[in-house]
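Good morning, colleagues. Please have the sequence and the model in view, as I shall refer to both throughout.

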Amino acid sequence: MKQIVISNKINYLGTNDRKKELFENNWPLPNGVAYNSYLINDDKTALVDTLEFGSKDDYLDVIASQLGGKPLDYIIVNHMEPDHSSMIGVLLKFYPEVKVVSNIKAFKMLEAYFKISPDNFLEVKEGEVLDLGYHKLTFYITPWVHWPETMMTYDKTDKVLFSCDAFGSFGTLDGGIFDDEINFAFYEDEMRRYYSNIVGKYSNMVQKAFAKLKEVDIKVICPSHGPIWRTNPAKAVELYDKWSRHESEEGVVIAYASMYGNTEKMADYLARLIAERGIKNIRIYDVSKTHASFIISEIWKYRGVVLGSSAYNAGMHPMMEHLCHELSVVGPKDKNYALFGSYSWNGGGLKSLIAFSEKVSWNKIAEPVELIGAPDEKKMEGFSSVAENIL
Ligand SMILES: Cc1cc2nc3c(=O)[nH]c(=O)nc-3n(C[C@H](O)[C@H](O)[C@H](O)COP(=O)(O)O)c2cc1C
Ligand SMILES: [Fe+2]
Ligand SMILES: [Fe+2]
């Protein structure tokens, strides 16, 4: 393969995973995912993050060939999640003298996963400089973006930020690797789905990381998933800043669980009322059909959220329960919301949706609508207020 040059002496060594169905065995990957790793071939040599074990069979050969007989001096570990670190064990066997560079929190994990000896570990603290010759690397400790040990590596010489999960995206890099080589419209949804489901829970920590990076002159952002930002890194920063501030757009997501179509009819009825108000961004999702990760991404994007469930064994439908669980974990904020439900005897769907809504402290804009049996206009009168106030 041709060398992909990021900057002087910095090459891209990533790979595409088109086989994996579920990221973290949880999040669907219809468009795959890229793991990005970088080799700095300077007087001293350094690999910045590695790959998921087994995702690139010629990884070691490519490293050896690019090093051209030189030793690998450093492996810089920005993050210990195995999608970036699980090649470290093999690399240690090939390069027993290598120094694994990270902060002290990562060292505990390195010991736990790879039984790494302290002799192989080089601790760096925030702001310290690792001099490779031409490149001078420094480090920003950015906990919880996305684990407690996470940090970012910054090359002061060429102003390249290796941000690991931050600014990452689902979606493979299909030929185009850099932001100016791709149609970003395709990646924006996958980037937000990645953000909202993987990193979004720690949005306040993303804001803290941004505060640290405020004065840093960034020419290139090299994340560990998705496109590399060399032409317009400000775009990636703008999106992550917006999402981590929970800034949303005008629009409404209606997600429902329905076994036999009655609750679905309620969703359609409400959507029509909202459309009649001139609101154009309205998305309806059947939670049993669309994986929660896509719905969460849309909820992160839009201000209005309406959730509806038929009653199911005195509670809400299990697929809605799943969505609500994930929502309470990842925690989108500043939403206008309303609820609805349907039942045949004593209900339970709406009651459990209300219990969920009390946990998330969103802004309730109207009373819930609940009906028995088949919906009709009279039973759905309450939706006028929902449609009127949702945005
Ligand atoms: C497995 C199952 C469990 C149900 N549990 C309840 C219940 O606990 N309480 C209730 O009032 N209705 C219950 N129902 C009835 C449905 O909630 C009711 O028919 C509802 O209108 C169905 O909406 P849908 O057509 O959108 O699926 C249950 C139905 C099924 C199939
Ligand atoms: Fe991660
Ligand atoms: Fe990752």
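Leu137 stands opposite Asp155, a residue of strand S14. I should say at once that this is a predicted model. Strand S13, residues 136–141, and strand S14, residues 151–155, run antiparallel and are joined by 5 bridges. As a general reminder, the strands of a sheet pair through backbone hydrogen bonds, in either a parallel or an antiparallel manner.

Both strands belong to an open sheet of 5 strands, whose order is S12-S13-S14-S15-S16 and whose pairing is mixed. Which strands form the edges? They are strand S12, at 129–131, and strand S16, at 220–223, each of which pairs on one side only. On average, neighbouring strands of this sheet are turned by 25° against each other, with direction ignored.

Let me turn to the domains. The domain assignment divides the protein chain into domain 1, covering 4–244, and domain 2, covering 250–389. Taken over C-alpha atoms, the centres of the two domains are separated by 38 Å. The contact between them involves 10 residues of domain 1 and 10 residues of domain 2. On the domain 1 side, strand S5 (27–28) and helix H5 (184–199) each supply at least two residues. H5 gives the most to that side, with 5 residues. By class, the side of domain 1 that touches domain 2 comprises 3 nonpolar, 3 polar and 4 charged residues.

I move next to a pair of helices. How do H10 and H11 lie relative to each other? The axes of helix H10, residues 318–330, and helix H11, residues 349–360, come within 10 Å and cross at roughly 10°. Angles under 35 degrees count as roughly parallel, and H10 and H11 are therefore roughly parallel to each other. In this contact, Cys324, Leu327 and Ser328 of H10 meet Phe356, Lys359 and Val360 of H11. The residues concerned divide into 4 nonpolar, 1 polar and 1 charged.

Finally, the ligand. How many residues surround ligand 1? There are 19, and the closest are Ser258, Met259, Thr263, Ser310 and Tyr343. The elements that contribute two or more residues to this shell are helix H8 (262–276), strand S19 (302–312) and strand S21 (336–343). As for the character of the shell around ligand 1, 11 of its residues are polar, 7 are nonpolar and 1 is charged.

That concludes my presentation, and I welcome your questions.

Methods. Residues numbered from 1 in each chain as written. Chains lettered and ligands numbered in written order. Predicted model: local features only at pLDDT ≥ 70, side-chain atom pairs only at ≥ 80, totals over all residues. Near = placed C-beta within 6 Å. Helix = DSSP H or I, 4+ residues; strand = E, 2+ residues; numbered from the N terminus. Nonpolar A, V, L, I, M, F, W, Y, C, P; charged D, E, K, R; others polar. Domains from an automatic or database assignment. Contact = placed C-beta atoms within 7 Å. Axes fitted to C-alpha atoms, helices over the stretch in contact; angles between N-to-C directions. Parallel < 35°, antiparallel > 145°, perpendicular 65-115°, else oblique. Pairing = 2+ DSSP bridges.
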